[in-house]
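Please go through the model below with the sequence at hand. The paragraphs that follow begin at a single residue and then move on to a sheet, a pocket, the salt bridges and a cavity.

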Amino acid sequence: MNGKELFVSPAEMQRQRDFSRLCAELLSQRFGETPKAFVHTYGCQGNVADSERIKGALSDMGFTFCDRPEEADLVLFNTCAVREHAEDRVFGNVGALKPIKESKNNNMIIALCGCMMQQTHIAEKIKKSYPYVNLVFGTFAVWRLPELLYRHLREGKRVFDVGQEEGRIAEGGSVVRDRFFKAWLPIMYGCNNFCTYCIVPYVRGRERSRDPEQIIAEAEELVKNGAKEITLLGQNVNSYGKKPDFGVNFSELLRRINAIPGDFIIRFMTSHPKDCSDELLETMASCEKVERHLHLPFQSGSDRVLREMNRGYTSAQYLGLCQKAYALMPDLAITSDVIVGFPGETREDFLKTVELVEQVGFSSLFTFIYSPRNGTKAAAMPDPIPAAEKSAWFRELCEKQEAMASVRSASFVGQIFRVLVEEYNDGVLTGRTSGNSNITFPGGEELVGRFANVKVTSAGNWVLSGELV
């Protein structure tokens, strides 16, 4: 694709708006004036951002939203394909919709979308084994939801759109955000890395970046409407701006968003080590609105395993990157993803992972036992290590990280952090520090969505406790 072909044209977007109006008419005839939708999201923050745009399209069709599928006229699951456990949950929850549809609302529309549905074998399983599912579409067809739903409403037939065409970027659609003060802001889609264990490039497509002017305009609108935290999203944000080439890389985009007037903070994820540049670290250090948190997945401390994973760096290079980051930002918190039990991993390989964890000093780890993904190169690799041994390694790594996190958390006692208050529950407020540590403290519900200074009074492994200053 050339640059223009990466984007959905204004005429095509107008066509979808026309379908929205037609859907609204048919839905009102079928369900009454205010049909209800239940939207449930599995997986990553990128999926959450997609669901907010899906809810925007549904809102344009006249839907309001409810919290239980039993109350809904349309149930939509936005699915995740990263791990087998997530897929199993989807199948179980789709199965639970059958008696609801049969007993309470035979006109209920059941829709499945997202990364799972972009896989041909999954779509075929839904088609054969779940005949009560009405609408299935993949990640590349999200922007065509009004047209797909109209086809189902008009023809009364099941609609499947899981084509393998290259994904395009659709601008200008409506968005229904879950919270006004925290916003997910996608800046790019897809991935070109093809790590051997990962299905993402196959279900999300190749890297494609949004126009920086569109991103800046959306960020400005978010701040104007009260956003206090903006999280920039991409499968690999470090690759922003490579295709198409807008002359703006990720560091420059950060600087431009940081320059927007207003009292707000900036986070981003996910960042790939092989593309994490000195410029990016220097930009983080110089931008006062960019939080002191870097999520930088390393996956394994063994160079042999890293080669098998096709990660593109060595453990020494990763450690050097972290050391540069700490030198520029001594208060930086680094978090990471780790896979335990990759095919062919040995005890020696695993101990190198433990060693790297000790050397870096992560604030927290997201640790997973390897899950084979159909269609990836790693799924065909020999995997002789028993599951029980992998589980033992997993527990060992978690215990090591918990011990280190406990010491790190204890060092925060007595310090004061500026915290965005996110939740209220029975007199207790919850927020996160700049380094992404969770902190709870007593206070009133009126503080939700505002910044507060909080002094740490005690610390657990993962959660700090404090008091308002």
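**From one loop residue to the whole fold**

Val413 counts as partly exposed, since its relative accessibility is 41%. The model in which this residue is seen is a predicted one. Val413 belongs to the loop that runs between α13 and β15 (416-425), and, leaving aside residues up to four places away in sequence, Val413 is in contact with Val456, Thr457, Ser458 and Ala459. As a gauge of distance across the model, the C-alpha atom of Val413 is separated by 46 Å from that of Ala57, a residue 356 positions away along the chain.

Ser302 offers a second loop residue to consider, this one placed between β12 (293-295) and α10 (303-309). Is Ser302 buried or exposed? With a relative accessibility of 1%, Ser302 counts as buried, because the cut-off for that class is under 20% relative accessible area. Apart from residues up to four places away in sequence, Ser302 touches Asp349, Lys352 and Thr353. The C-alpha atoms of Ser302 and Ala316 are separated by 9.9 Å, with the two positions 14 residues apart along the chain.

We turn next to the strands. Strands of a sheet pair through backbone hydrogen bonds, and they may do so in parallel or antiparallel fashion. In this model an open sheet of 6 strands follows the order β2-β1-β3-β4-β5-β6, and the pairing is parallel. Its edges are formed by β2 (64-65) and β6 (159-161), each of which pairs on one side only. Within the sheet, strand β4 (residues 109-114) runs parallel to strand β5 (residues 135-137), and the two are joined by 3 bridges. Across this pairing, Ala111 stands opposite Leu135 in β5.

The second largest pocket comes next, and about 900 Å³ of space lies within it. Its lining is made up of 40 residues, and those nearest the centre of the pocket are Arg53, Ala170, Gly173, Ser174 and Val175. Which helices supply at least two residues each to this lining? They are α1 (10-31), α2 (45-60), α5 (145-155) and α7 (212-224), and the largest share, 6 residues, comes from α2. By class, the lining of this second largest pocket divides into 16 nonpolar, 11 polar and 13 charged residues.

Arg53, already met in the pocket lining, leads on to the salt bridges. Side chains of opposite charge can pair when their charged atoms come close. The structure holds 34 salt bridges, and one of these brings together the side chains of Arg53 and Glu218, with a distance of 2.9 Å from N to O. This pair connects distant parts of the chain, for Arg53 sits in helix α2 and Glu218 in helix α7, 165 residues apart. Glu218 is buried, its relative accessible area being 15%.

Another salt bridge joins Glu396 to Arg347, and here the closest N and O atoms are 2.9 Å apart. Again distant parts of the chain are linked, with Glu396 in helix α13 (residues 387-410) and Arg347 in helix α12 (residues 347-360), 49 residues apart. Glu396 is partly exposed, with a relative accessible area of 28%, and Arg347 is likewise partly exposed, with a value of 35%.

In a further salt bridge, Asp383 pairs with Lys390, the closest N and O atoms being 2.8 Å apart. Asp383 is partly exposed at 36% relative accessible area, whereas Lys390 is buried at 6%. Salt bridges can also share partners, and in this way Glu52, Arg53, Glu171, Arg177, Arg210 and Glu218 are joined into one network.

Last comes the enclosed space. Rolling a probe the size of a water molecule over the atoms shows where empty space is left. How many cavities of 30 Å³ or more does the count give? The count comes to 1, and the largest cavity has a volume of about 30 Å³. The residues lining this largest cavity are Ile266, Arg267, Phe268, Glu291 and His293. Strand β11 (residues 265-269) provides the largest share of that lining, namely 3 residues, and by class the lining has 2 nonpolar, 1 polar and 2 charged residues.

How values were computed
Residues are numbered from 1 along each chain as its sequence is written. This is a predicted model: local features need pLDDT of at least 70, side-chain atom pairs count only at pLDDT 80 or more; totals for chains, interfaces and linings use all residues. Side-chain values use heavy atoms; hydrogens and water are left out. On a 1 Å grid over the protein atoms alone, a cavity is a set of points where a 1.4 Å probe fits but cannot get out, and a pocket is an open set with protein on both sides within 12 Å along at least five of seven lines; lining residues have an atom within 4 Å of a point. Grid points are joined across faces, edges and corners, and a volume is the space filled by probe spheres set on the points. Helices (H or I, at least four residues) and strands (E, at least two) are DSSP runs, numbered from the N terminus. Ala, Val, Leu, Ile, Met, Phe, Trp, Tyr, Cys and Pro count as nonpolar, Asp, Glu, Lys and Arg as charged, and the others, Gly among them, as polar. Two strands pair if DSSP finds at least two bridges between them. A salt bridge is a side-chain nitrogen of Lys or Arg within 4 Å of a carboxyl oxygen of Asp or Glu. Buried means under 20% relative accessible area, exposed over 50%, partly exposed in between (1.4 Å probe, protein chains only). Contact means heavy atoms within 4.5 Å.
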